[in-house]
Structure formats: structure tokens, C-alpha cells
Amino acid sequence: MKRSKDSILQTSLHNFELTAKRLNLDEPIRQKLAEPREKIEININPTLPTGKVVNVKTFVVRHNDALGPAKGGVRMTQDVTLDDITGLAMEMTWKTSLIGVPFGGGKSGIRFDPASSSPGAKEVIIRSFTRGAIRHIGPEIYIPAPDMGTNEADMGHIRDCISYSEGTSITKGCFVTGKPVILGGILGRRQATGKGVVYTILAMCEKLGTDISKMRVAIQGFGNVGSAAAAELAKRQAKVLAIADLSGTIANPDGLDIEALLQHSQATGGVKGFKKATQLDKDSIFETDCDILIPAAAGSQITAENAEKINAGVIAEGANAPTTPQADEILNKRDILVIPDILCNAGGVFVSYLEYTQETQREQMTLDKVEQRLSKRMTQRFNEVYDFAAEKGITMREAAMDTAVSKVVEAVFTRGLLP
Ligand code: NAD
């Protein structure tokens, strides 16, 4: 994968600094919010089932917890850095604030390629990370969840590892979200981020007076977020014309058969080779002639180099920080509507919040209830951000950031800056 020179941290800081200027933040508060409260590197050396000992760098960052305990996923990729995790933790502070859940922002990272190992080896690494990071995880400190490279099975291992260390069957409160349902997870969490992306698209269609069934969509990423968004779009008769993942890019002008593609991807590990599609060049996804482009893969994918070639009217940011600041400027000049990440992909953390409350109450929420609440919250927030942007004549990213940062600043001052 080509790594852009624009890092996730640079993008997050850039967006924050512009917001701080617009909001006229005083220097001490600007400085406080530009830095994470805590960033930790933990080196782990587990022995894999093969007998091989590996050295793995892991990171935990808590950016800000004025609104509540830090919330954010565990990213497991071969090249994740402490800077990436710092930028992503900052994004989480704004996202939880914007979507209105009582959490702050955090993130953790494990520098390891999950695709290169057996499930047994991955479990060993997840458990080793949990033991190393245990004092930084807790319902009132930092609550992890799935992110790139991790899934609900991994969250189940995190919970088991913590309760095992405590000598108890369950944890005392919610230490991790996105768990398997049988271990206290919530119905619908796996699809929540992707569905949330589609709920913001639905709200946008409503504002623009068009119908989702008329939308032609291209998606980068066919993991948790991309595949759930594709399935929801197909259910609503939108045409998913092209999808890219690390294996390749595929397209079908009549719309891809998402159900068959899911089976193909599960069986082969990627979208490449799907029979009912044309195989394309990997980077061509951004040039697809479509109405909506959904980046749902890594960060810094929409750059100054490809932003001019984008052939979509709307970008719905399923991924975190997929657009570099230079690309953002180009998209704005081209009048491409961007539904910003901290709004567009906040469905996951919203349903994580429902899981958190469910775990304290020990009562399983129904899937209907989860989806109703998710749809209502995403629609409400989309409308608020869209209207605020229109009223002030600013972009949706600016409107979302102004709203989110103002709330965090208010919480910081309400708590007080002493001692
Ligand atoms: P995942 O690991 O399940 O899937 C990632 C997908 O992206 C895979 O299909 C992979 O092949 C593809 N990919 C990665 N790099 C690529 C590249 N350079 N070109 C093309 N395809 C590429 O990850 P996920 O959980 O779906 O997360 C995707 C994005 O959404 C990330 O930015 C993540 O931070 C963000 N996000 C995830 C959640 C969640 O609940 N999982 C919540 C909010 C935001």
C-alpha cells in the first residue's frame, strides 16, 4: 500500500488548528487540546503457537476525557504508528462529542499484520497486548472496540483476558465494546458503522430532494465498514458500481451483486477475482463515475494527487481521516459535498455506547431498538451539521468540528483548569 506523506496526525492537527482559529480559542486551551493527555508505548514479546517469539510495538493514547472515559478502537496493521494512534484518538474526542455520547477520545494500536498470521497467533498477540495495557483499560478510563484489523472475536478475547486476570467470570462493568453477543455484545454492532454511513447518505438525499435508489456508489474498503455500507445500500436499491480493497478493484456498471461478493470475499480473502465484475487497476476506484464515493479503508487516501480526478458529487467518509488537508481544499473548490468522518462514521461508537449502557443494566437490547436509535441519532446529527453549515456558509467538516470542539471546550472549563 502506498503510504501518503500526509499523516493521519497531520490531518487531525490541521483540522483542529483551523477550528481553534475559527472559535478564537485561547492559547492554553488550544495547546491542551492539540496534545493528547496521555500516550503510551508498550512493547510485548509473546510466544506464538509455533514457538516463535515476536516483538510487537503497541500503543494506547487517551486524547481527552473531559466528556467521559476515552473511547476508541484497536487498530492492528503492519505499519501503524504512535502518531497515527495520536491523530485517531483526537478524532475520537471530536466524534464522541459530536454524536453526543458521554465519552472522550482514545485509540490503541498493535503493529502487526493480522493477515500474515493464524487466528491462534492473533489471539496470543491480542491477549498479550491486553495484559500489557490492562492498567490503561477500564469502564472509567479507556474502553477499546474494533478498528482496522480487529473484530468482535478479538474483543471477546480482551474481555476474557481481563476477567481472567481479575479471577472473575465477567468484568466489573464494560471494559470493551464490539464483543460477540454471547459475551455481552450488542446486536447490530458489527454493521453499525457501515449502516450509520448509509443513514447519513439517506439524510443527505432527503436534503437534496433525491432518492437513495437513484444513487450510484463506489467504495474503497470491503472490511467491516465498507461491506456493511455496501449491503445496506444494495438493500435500498442503490447501485454499488465499484469496490476496491487491498486485493484489487472490481466494477460492474449494472451494480455489483453484494451478497455474492460477500461470499466470494469471505472465501478468498478479498474482492479480486469476483466473476460477475470487471477487474480494474487498484487506484482507479477514485476515478469511478458515480454520485457517492465512500472511502472506507485506511487514512490519507484522498490526496492532492487524486482529488482532481474524483468523479463523484458527494464523499461520505466511512474511514477515519481519509482526506488530506490539500485534498480537502480541492474538493471544496470543486463543490464536492463531503460528509466528514467524525459525523459519517460515528454510528459504531454510538452503538458502542448502547452496549456500554446495556452491560451495566444487564439487559439485552433488541436489534430493532438498536437500529431505531442509530438511525434517529445519525439523521438528527446530519441535519444539525448540514443546517449549521448552510446557515454559516461553511463546509460540513467545519460545522462538525466547530460543534464538537466547542462542546469539549465547555466541558473542560466546566470541570475547571485547576489545580
Ligand atoms: P477492516 O480491517 O475491517 O477493513 C479494511 C478494508 O480496507 C479491507 O477491505 C482492506 O482490504 C481495505 N484496505 C486497506 N487499505 C487499503 C488500500 N490502501 N486500498 C484499498 N483498500 C484498502 O477495517 P474497518 O473496521 O472496516 O475500518 C475501515 C475504516 O473505517 C478505518 O479507517 C477505520 O478507522 C474506520 N472506522 C471503523 C469503525 C469500525 O467500527 N470498525 C468505526 C469508525 C471508523
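A surface patch here is built from residues with over 30% relative accessible area and no salt bridge, joining like charges within 9 Å and nonpolar side chains (Val, Leu, Ile, Met, Phe, Trp, Tyr) within 5 Å. Val181, Leu187 and Leu367 form one such nonpolar patch, with about 200 Å² of accessible area together (Shrake-Rupley method, 1.4 Å probe, only the protein chains shown counting as cover for residues).

The model is predicted: local features need pLDDT of at least 70, side-chain atom pairs count only at pLDDT 80 or more, and totals for chains, interfaces and linings use all residues. Residues are numbered from 1 along each chain as its sequence is written, and side-chain values use heavy atoms, without hydrogens and water.

**Salt bridges**

The whole structure holds 30 salt bridges (a side-chain nitrogen of Lys or Arg within 4 Å of a carboxyl oxygen of Asp or Glu). Three are listed with their closest N and O atoms.

| Acid | Base | N–O distance |
|---|---|---|
| Asp147 | Arg75 | 2.7 Å |
| Glu232 | Lys195 | 3.7 Å |
| Asp328 | Arg397 | 2.8 Å |

Both Asp328 and Arg397 are buried (under 20% relative accessible area; exposed is over 50%, partly exposed in between; 1.4 Å probe, protein chains only). Shared partners join Lys195, Glu232, Lys235, Arg236 and Glu371 into one salt-bridge network. Asp147 is buried at 16% relative accessible area. Arg75 is buried at 6%.

**Domains**

The domain assignment gives domain 1 (36–175) and domain 2 (191–344), with bounds from an automatic or database assignment. Their C-alpha centres are 27 Å apart. Zero salt bridges are counted between domain 1 and domain 2.
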